[in-house]
Amino acid sequence: MLVSYSLPQKRLVTKLQIGLNLLQRCKTALILLGTPLVFSPLMLSPESEWRCAFCVGVMAVYWMTEVLPLAVTAMLPVILFPLTNVMDSKETALQFINDTNFLFIGGLIMAAAVEKCDLHERVALSVLKMVGGEPKCMFISNTATTAMMVPIGQSVIGQLVASYNSHPENGMRDKAACKRMSTGLMLCICIAANIGGTGTITGTPSNLVMIGSLN
């Protein structure tokens, strides 16, 4: 059933639509400028804990709304902490540029390079021939290892689905088994990466955090 509006109602609806469009266009600017204003009462406290809460609150909103790239939001403490007198710039920068973080970044860069040149497939085949397993995730971060192995698993699943579709005689039971195998393969990659990641310092970020705390 169509609803007919009178002329004043149509004008009101048009104004509301224009207002919503303007809010949508200005959403990023409103969040960027409005969030510090909302948390600004915390800056009135002489205690550094409340000023730190101001920084955490602003970063949390920026992270959830993604009004800034996540990498930019992650670097905000370098600017906010010295400005709010929570920590000085040297002490803040040392938390970003320490040995543990650089070791983790180096592992991710190496994993990206290995994946780009398809070296991981050659290493996987060679190791499988020798030992029947793949200890690669012991030396590369489990996150990076999972990121490399998931595309391979997806390729295997794609071949499995294509093989299933090429045989019309397969029934619903075989389709359910195919789906279970696909799910199990993805879960196996994640679990295997976590198990292998406990073998070395660079195998998982939690090992790096522990080493950094001990040092």
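**Helix H3, the nonpolar core and the H5–H6 pair**

In this predicted model, the buried residues of helix H3 are Arg51, Phe54, Cys55, Gly57, Val58, Met59, Val61 and Tyr62. Helix H2 (27-39), helix H4 (70-74) and helix H5 (76-83) are among the elements that cover these buried residues. Helix H3 itself runs over residues 48-65, and its length was checked against the expected rise. At 1.5 Å a residue, its 18 residues should span 26 Å; the C-alpha atoms at its ends are 26 Å apart, so the two values agree.

In soluble globular proteins, nonpolar side chains tend to be buried together. The largest nonpolar core of the model has 11 residues: Ile31, Phe54, Cys55, Val58, Met59, Val61, Tyr62, Val67, Leu76, Leu80 and Phe81. At least two residues of this core come from each of H3 and H5. The greatest contribution is that of H3, which gives six residues. One core residue, Cys55, was examined for its contacts beyond the neighbours within four places in sequence; Leu80, Phe81 and Thr84 are in contact with Cys55 on this basis.

Two packed helices are described by the angle between their axes and the distance between the axes. For H5 and helix H6 (residues 89-96), the axes come within 9 Å and cross at roughly 155°. Angles over 145 degrees count as roughly antiparallel, and H5 is therefore roughly antiparallel to H6. The crossing of the two helices, H5 and H6, is right-handed. On the H5 side, the residues that meet H6 are Pro77, Val78, Phe81 and Pro82; their partners in H6 are Ser89, Thr92 and Phe96. Phe81 thus appears both in the nonpolar core and among the H5 residues that meet H6.

Positive phi values were found in two loop residues, Glu66 and Asn85. Glu66 comes just after H3, in the loop between H3 and H4. Its phi is near 55°, a positive value in a residue other than glycine. Glu66 has a relative accessible area of 54%; exposed residues are those over 50%, so Glu66 is exposed. Asn85 lies in the loop between H5 and H6, and the phi of Asn85 is near 60°, again positive in a residue other than glycine. With 60% relative accessibility, Asn85 also counts as exposed.

Terms used
Residues are numbered from 1 along each chain as its sequence is written. This is a predicted model: local features need pLDDT of at least 70, side-chain atom pairs count only at pLDDT 80 or more; totals for chains, interfaces and linings use all residues. Side-chain values use heavy atoms; hydrogens and water are left out. Helices (H or I, at least four residues) and strands (E, at least two) are DSSP runs, numbered from the N terminus. The expected span of a helix is 1.5 Å times one less than its number of residues. Buried means under 20% relative accessible area, exposed over 50%, partly exposed in between (1.4 Å probe, protein chains only). Contact means heavy atoms within 4.5 Å. A nonpolar core is a set of buried Ala, Val, Leu, Ile, Met, Phe, Trp, Tyr and Cys residues joined through side-chain atoms within 4.5 Å. Axes are lines fitted to C-alpha atoms, for helices over the stretch in contact, and angles run from 0 to 180 degrees between N-to-C directions. Angles under 35 degrees count as roughly parallel, over 145 as roughly antiparallel, 65 to 115 as roughly perpendicular and the rest as oblique. A crossing is left-handed if the near helix is turned anticlockwise from the far one by less than a right angle, and right-handed if clockwise.
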